[in-house]
Amino acid sequence: MSERKDRVTVARLQKMKREREPIAMLTAYDYPTGQLAEASGVDVVLVGDSLGMVVLGYESTVPVTLEDMVHHTRAVRRGISRPLLVADLPFLTYRLGVRDALQAAGRLMQEGGASAVKMEGGRDLAPTVKACVEAGIPVMGHIGLKPQAVHQTGYRIQGKTEQSVRELVDDAEALTEAGAFAFVLECVTEEAAQTISESVPVPTIGIGSGRQCDGQVLVFHDVVQFSVNGFRPSFVKTYADAGETVLSGLAEYVRDVKNRRFPQEQHVFHGKSAVYGGTKR
Ligand SMILES: Nc1nc(=O)c2c([nH]1)NC[C@@H]1CN(c3ccc(C(=O)N[C@@H](CCC(=O)O)C(=O)O)cc3)CN21
Ligand SMILES: CC(C)C(=O)C(=O)O
Ligand SMILES: [Mg+2]
């Protein structure tokens, strides 16, 4: 049972904030990325709807469906045991009414195996968050830049004016009041992130939001540059060149096949006799 005891819980994350221990969160989208995320020692694994962009090749997160999220959350679940598993509720699935939000969140937990769900929004989501929490669904909020609203706002830094910081603090307080156990602060100024983080008792997990958040989150594919096209927001730090490493290995494989350097004797199975004799090349 020691493995179970070590599992990261919502209460553990809140204790980390009180004790000023930074929270490390990373996205994952399937079994191998989940396994790699767990092995790295992260506290929280997020099955982000960024899935749509980095894994499914869409231009935004808007086309991602609840089916997509359930399918990928299940795969990540099989790859991890210690980190807290959070899954994004995709576009519109928590906006049709509280009943639909509960149903969608329930699927991510029951079918996907998530331990918590995340939704983009602030004050406007307070009743939804409250209903989920009362039903036993831990909710992580997400304020600042909301990628699901890209068609309204684009990808723009938030919290640049006093008015905007006040609104973000109102959102953070309303989410906390409604029972959110933590929230993501995406692309807000470092000053806004500090004000917000000091305004609420629950952990803030920043992405592109500076050094004063209680934790950090990045997209898996950004951290290890696991892409060919090289999309890279300026707040990302790249820690490995997985794309380059993988591509050079793949290209060498193709060259070896074309040059008949692969397979070699150690990759071959032999039987007692040939059924027919072909022409030896
Ligand atoms: N690979 C990837 N990484 C992410 O962090 C990410 C996704 N995809 N998809 C979903 C959202 C979208 N995100 C984005 C997308 C673009 C910018 C961007 O263009 N940022 C500019 C600053 C814009 C400004 O100055 O207002 C930058 O230079 O970082 C930021 C976050 C974050 N999320
Ligand atoms: C970047 C994080 C916070 C996210 O929402 C996602 O990956 O979808
Ligand atoms: Mg997301």
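The exercises below work through a predicted model, residue by residue.

Residues are numbered from 1 along each chain as its sequence is written, and chains are lettered from A and ligands numbered from 1 in the order in which they are written. Because the model is predicted, local features need pLDDT of at least 70 and side-chain atom pairs count only at pLDDT 80 or more, while totals for chains, interfaces and linings use all residues.

**Exercise 1. The annotated binding site**

Task: Find which residues the UniProt annotation "binding site" covers, and describe the surroundings of Asp88 and Glu120.

Solution:
- Step 1. The unreviewed UniProt entry places "binding site" on Asp49, Asp88 and Glu120. UniProt positions are given in the numbering used here, feature names are shortened, and annotations may be inferred rather than shown by experiment.
- Step 2. The three residues span 72 residues in sequence, but no two of their C-alpha atoms are more than 10.8 Å apart, so they gather at one spot.
- Step 3. Asp88 lies in strand β3 (residues 84-88), and Glu120 lies in strand β4 (residues 116-120). Helices (H or I, at least four residues) and strands (E, at least two) are DSSP runs, numbered from the N terminus.
- Step 4. Asp88 has 30 C-beta neighbours inside 10 Å and therefore counts as buried. Glu120 has 25 such neighbours inside 10 Å and is buried. A residue is buried if 20 or more other C-beta atoms lie within 10 Å of its own, exposed if 12 or fewer, and partly exposed in between, with C-beta atoms placed from the backbone.
- Step 5. Not counting residues up to four places away in sequence, Asp88 touches Leu46, Val47, Gly48, Asp49, Met69 and Lys118. With neighbours within four places again left aside, Glu120 is in contact with His142, Lys146 and Gln148. Contact means that the C-beta atoms of two residues, placed from the backbone, lie within 7 Å.

**Exercise 2. The annotated active site**

Task: State which residue UniProt lists for "active site", and place that residue in the fold.

Solution:
- Step 1. The unreviewed entry lists Glu186.
- Step 2. Glu186 is found in strand β6.
- Step 3. Glu186 is buried, because 22 other C-beta atoms lie within 10 Å.
- Step 4. Beyond its neighbours within four places in sequence, Glu186 has contacts that include His142, Gly144 and Ser209.

**Exercise 3. Two positive phi values**

Task: Decide whether Arg20 is buried or exposed, and do likewise for Cys187.

Solution:
- Step 1. Arg20 has a positive phi of about 60 degrees although it is not a glycine. Phi of Cys187 is also positive, near 50 degrees.
- Step 2. Arg20 sits in the loop between α2 (10-18) and β1 (23-27), and Cys187 in the loop between β6 (182-186) and α10 (190-199).
- Step 3. With 7 C-beta neighbours inside 10 Å, Arg20 counts as exposed. Cys187, with 20 inside 10 Å, counts as buried.

**Exercise 4. The nonpolar core**

Task: Find how many residues the largest nonpolar core has, and which have the most contacts inside it.

Solution:
- Step 1. A nonpolar core is a set of buried Ala, Val, Leu, Ile, Met, Phe, Trp, Tyr and Cys residues joined through C-beta atoms within 7 Å.
- Step 2. The largest one has 70 residues, and Val45, Val86, Val117, Val139 and Ala180 have the most contacts inside it.
- Step 3. Helix α9 (residues 162-178) gives the most to this core, with six residues.
- Step 4. Leaving aside neighbours within four places in sequence, Val117 has contacts including Val86, Ile137 and Val139.
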